[in-house]
Amino acid sequence: MPALPLDELQLTERDPKTGKLRTLPALHPEIKADRSFVLYRPPPVVRDPALVEEFLERAKFIADDLNWLLALPHDKFWCQVIFDETLQKCLDSYLCYAPRKFDALLDCHPEVNDMQKCLHRSVFLTFLRMSTHKESKDHFITPSVFGEIIYNNFLFDIPKILDLCVLFGKGNGLLLQKMIENIFTQQPSYFSDLDETLPTVLQVFNNILHKCGLQCEGASAEPQKLEEKVNVTPGNMPLQELKDIVLYLCDTCTTLWAFLDVFPLACQTFQKHEFCYRLASFYELAIPELESAIKKRHYEDNSVFADLWRRISHSRKKMIEAFHILINQVCLQPILESSCENIQPFIEEFLQIFTSVLQERRFLRDYDELFPVEDDVSLLQQASSTLDETRTAYILQAVESAWEGVDRKKAQVVKDPTPPAASNGASAIVESTAEDMEELGAAYASEDECAGAAAAPIVKVSGVELDSLISQVKDLLPDLGEGFILACLEEYSYNAEQVINNILEDKLVPYLDKLDRTMQRQLKPDPTPLVTSRYNVFQNDEFDVFSRDSVDVSRIQKGKRREKDTTRSLLNDKRLVAEQKERYSQYSVIVEEIPVQQGEAQLYREDYEDEYDDTYDGNQVGANDADSDDELISRRPFTIPQVLRPKGQEEGQEEEEEDEEEEEEAEKERAKDHFVQDPAVLRERAEARRLAYLARKGHKHDSSAVVGNVKGHGQNRETVQERRKKEANKSTRANHNRRVMADRKRNKGMIPS
């Protein structure tokens with residue numbers, strides 16, 4: 001009997017009040033266990049023993065309760081999940097307050113870290129089981145009912161799904177992707193919820209711009225009041241408010257990127273609200289202002305500056321990557337998967353998106369740095385032969401113009417981006433201690449940070465480009481040495497304008513002030529000389545003087561080799577004869593006579609016995625054979641020699657021999673196996689066999705009369721009669737009477753007419 005789904009299953013149990021049997025559905029509030037789940041609190045900020053003990057105790061309670069929940073059977077697990085409100089509050093509190101990957105980890109106690117990892121795993125397993133409607137062939141829920149259960153009981157909603165992606169996406173991407181796809185597949189109403197949530201997400205960007213005193217298109221539909229004056233800017237707002245804005249921006253951007261990365265099917269819903277354009281516009285307005293405010297502000301603690309710069313760099317990268325995911329899923333991926341007839345709408349969408357963001361120069365420059373637009377346009381050119389070259393050329397030209405005035409660097413991904421120098425000179429440069437770097441670096445150990453156009457880490461310049469930068473500074477300040485200019489360029493990220501400005505305004509960092517300004521450049525020897533770094537087809541051969549000390553000079557020939565051997569010298573060369581003579585001399589070891597010494601003669605006489613062997617004397621060999629005089633003649637007939645024959649007998653004998661030879665040839669011809677015989681010969685043999693057969697039957701039919709003369713020469717009377725006779729009698733043989741026999745069957749009713 002097949003198992004019933006949990007939503008149709010009925011349980012029979014005894015009523016605890018009346019003691020009577022009753023039938024309840026498997027999903028019923030009374031089946032829920034009476035258990036209270038406590039709320040989650042984040043780890044303590046400081047190493048206070050009391051706070052650590054409180055966190056460990058609370059986390060231990062939650063972990064034990066979740067492990068108990070995961071161990072429940074299928075029906076009781078779902079009853080607890082659906083009807084226990086304390087469980088949902090506990091899970092919600094963890095999603096809200098659990099530390100994110102981009103948060104700076106504090107100096108926590110080892111037990112706190114271990115307990116946090118254990119609790120993190122238990123929460124993920126709980127949500128994973130809650131998103132699975134079929135655990136086995138005997139324990140499952142009807143998919144449509146499962147969708148209604150998780151939707152009506154708010155087991156999952158869009159904010160929870162976003163938090164799940166940002167918390168568990170790193171390391172559990174594939175599992176989380178299947179989990180969220182199953183939720184959206186079984187309950188399509190989540191797509192409409194996501195569509196209604198996106199205006200709130202866009203409002204978050206508008207709120208950040210409003211806090212920074214910036215304006216965005218469509219940011220506010222309400223007119224601004226006259227008495228309301230915007231005086232707050234990122235540069236003059238309180239430090240704590242600036243930190244809150246940067247943290248809020250970092251959390252929002254990372255969450256959106258994590259959700260799109262785990263669930264790309266949501267990109268279509270995002271693009272319905274023109275998310276690409278709104279994201280690029282926000283980036284262009286907010287990011288430069290926040291970066292400028294962070295760099296120009298004076299900090300008492302340099303670690304605060306470093307943390308703010310890391311968060312803003314992290315936000316920049318995640319916004320660019322989210323934009324790229326949208327472009328890839330909405331435009332590029334369908335082009336790669338569709339046929340040539342269906343790609344025009346996607347190409348048009350791609351061109352419209354980039355046309356709408358061309359005025360956002362800073363965003364376009366940073367996006368092109370990580371994901372070159374030229375590569376995407378090249379893909380479109382390969383996919384479609386009808387691509388509008390005018391629009392693509394316009395987009396590429398706009399991208400190139402966005403780089404004007406900025407040194408174009410290749411995309412670079414670094415683990416630990418160093419923030420640029422602040423405005424207060426040496427005191428504002430980040431000089432983090434080992435502990436600060438450990439605390440800040442641990443939070444980003446699993447994240448690749450972006451160093452964009454305004455970020456500090458630059459690829460080291462060398463060669464002709466470095467010489468050009470040095471000469472650019474030396475043209476304005478000729479009294480400076482090249483070594484001193486090189487040290488300044490290395491300090492200021494190879495920015496010649498900044499080096500010149502700081503030298504003229506006397507704002508160099510202390511260690512550069514101590515250097516000799518006439519110091520010359522020291523050329524570093526090439527660690528790999530030309531000889532050891534060369535590679536060609538003759539390397540390490542027998543004549544390579546760079547890899548071996550001794551070379552066989554006798555094998556070296558200058559010019560054309562002349563052969564000195566002549567015919568006479570070859571004939572006089574007896575080396576081969578000597579070799580063969582030595583070889584054949586070995587056959588002389590076998591001799592017929594062995595010389596015997598006097599003492600050995602008696603020994604050889606005893607070994608040799610000359611006694612007659614009469615073993616077979618009693619057998620009469622050939623006695624019973626039927627011997628005759630002409631035994632030899634019967635074996636081979638006697639032939640008179642040709643010289644001794646008479647003249648007439650000689651000719652007759654020759655004719656007999658010729659006849660015998662012809663018969664032998666005919667016999668050989670018949671015995672020969674013809675794989676493919678001549679068709680003419682086969683036809684002649686068949687005709688001969690047919691005539692012989694007719695002759696034995698006594699039938700003499702002359703078919704020549706039927707054949708007649710050549711067409712056009714007329715036919716005689718006999719031929720006409722024979723043809724008429726053949727036409728009349730042909731139905732008696734050779735299957736020519738099919739019509740007569742068919743009429744006969746039809747008349748007898750055998751064939752329906």
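The exercises below, each with a worked solution, concern a predicted model.

**Exercise 1. Salt bridges in the chain**

Task: State how many salt bridges the model has, and describe the pair formed by Arg22 and Glu30.

Solution:
- Step 1. A pair counts when a side-chain nitrogen of Lys or Arg is within 4 Å of a carboxyl oxygen of Asp or Glu.
- Step 2. With this cut-off, the count is 19 salt bridges.
- Step 3. One of them joins the side chains of Arg22 and Glu30, at 2.6 Å from N to O.
- Step 4. Glu30 has a relative accessible area of 48%, so Glu30 is partly exposed.

**Exercise 2. A pair within one helix**

Task: Find the salt bridge partner of Asp64, and decide whether the two residues are buried, partly exposed or exposed.

Solution:
- Step 1. The partner is Lys60, and the closest N and O atoms are 2.8 Å apart.
- Step 2. Both residues belong to helix H1 (residues 49-70). They are four residues apart, about one turn of the helix.
- Step 3. Buried means under 20% relative accessible area and exposed means over 50%, with partly exposed in between.
- Step 4. Asp64 has a value of 35%, so Asp64 is partly exposed. Lys60 has a value of 41%, so Lys60 is partly exposed.

**Exercise 3. A pair between two helices**

Task: Work out which parts of the chain are linked by the salt bridge of Glu291 and Arg362, and where these side chains stand with respect to the surface.

Solution:
- Step 1. In the salt bridge between Glu291 and Arg362, the closest N and O atoms are 2.9 Å apart.
- Step 2. This pair links distant parts of the chain, with the two positions 71 residues apart in numbering. Glu291 is in helix H11 (residues 275-296), and Arg362 is in helix H14 (residues 361-370).
- Step 3. The relative accessibility of Glu291 is 3%, so Glu291 counts as buried. For Arg362 the relative accessible area is 9%, so Arg362 is buried.
- Step 4. The pair also belongs to a network of salt bridges that links Glu291, Arg316, Arg362 and Asp366.

**Exercise 4. Two surface patches**

Task: Name the residues of the negative patch and those of the nonpolar patch, and place one residue of each in its helix.

Solution:
- Step 1. The patch of negative charge on the surface gathers Asp659, Glu660, Glu661, Glu662, Glu663, Glu664 and Glu665.
- Step 2. Glu660 lies in helix H27 (residues 647-671).
- Step 3. A residue needs over 30% relative accessible area and no salt bridge to be part of a patch. Glu660, with 47%, is partly exposed.
- Step 4. The nonpolar surface patch consists of Val45, Val46 and Leu51 and covers about 270 Å².
- Step 5. Leu51 belongs to helix H1. Leu51 has 36% relative accessibility, so Leu51 counts as partly exposed.

**Exercise 5. Cysteines**

Task: Count the disulfides, and decide whether Cys79 and Cys212 are buried or exposed.

Solution:
- Step 1. A disulfide is a covalent bond between the sulfur atoms of two cysteines.
- Step 2. The cut-off is a pair of cysteine sulfur atoms within 2.5 Å. By this rule there are zero disulfides.
- Step 3. Cys79 has 0% relative accessibility, so Cys79 counts as buried. Cys212 has a relative accessible area of 1%, so Cys212 is buried.

**Exercise 6. Positive phi in two loops**

Task: Locate Phe154 and Tyr494, give the phi of each, and decide whether each is buried or exposed.

Solution:
- Step 1. Most residues other than glycine have a negative phi.
- Step 2. Phe154 has a positive phi of about 55 degrees. Its place is the loop between helix H5 (143-152) and helix H6 (158-168).
- Step 3. Phe154 has 57% relative accessibility, so Phe154 counts as exposed.
- Step 4. Tyr494 has a positive phi, near 60 degrees. This residue sits in the loop between helix H19 (482-491) and helix H20 (496-504).
- Step 5. Tyr494 has 9% relative accessibility, so Tyr494 counts as buried.

**Exercise 7. Sequence and space**

Task: Give the separation in sequence and in space for Glu241 with Lys211, and for Glu491 with Leu508.

Solution:
- Step 1. Glu241 and Lys211 are 30 residues apart in sequence, and their C-alpha atoms are 9.1 Å apart.
- Step 2. Glu241 is in helix H9 (residues 239-262), and is partly exposed at 29% relative accessible area.
- Step 3. Glu491 and Leu508 are 17 residues apart in sequence, and 9.6 Å apart from C-alpha to C-alpha.
- Step 4. Glu491 is in helix H19, and is partly exposed at 29% relative accessible area.

Key: Residues are numbered from 1 along each chain as its sequence is written. This is a predicted model: local features need pLDDT of at least 70, side-chain atom pairs count only at pLDDT 80 or more; totals for chains, interfaces and linings use all residues. Side-chain values use heavy atoms; hydrogens and water are left out. Patches are made of residues with over 30% relative accessible area and no salt bridge: like charges are joined within 9 Å, nonpolar side chains (Val, Leu, Ile, Met, Phe, Trp, Tyr) within 5 Å. Accessible areas come from the Shrake-Rupley method with a 1.4 Å probe; for residues, only the protein chains shown count as cover. Lys and Arg count as positive and Asp and Glu as negative; His and the chain ends are not counted. The place of a charge is taken as NZ of Lys, CZ of Arg, CG of Asp or CD of Glu. Buried means under 20% relative accessible area, exposed over 50%, partly exposed in between (1.4 Å probe, protein chains only).
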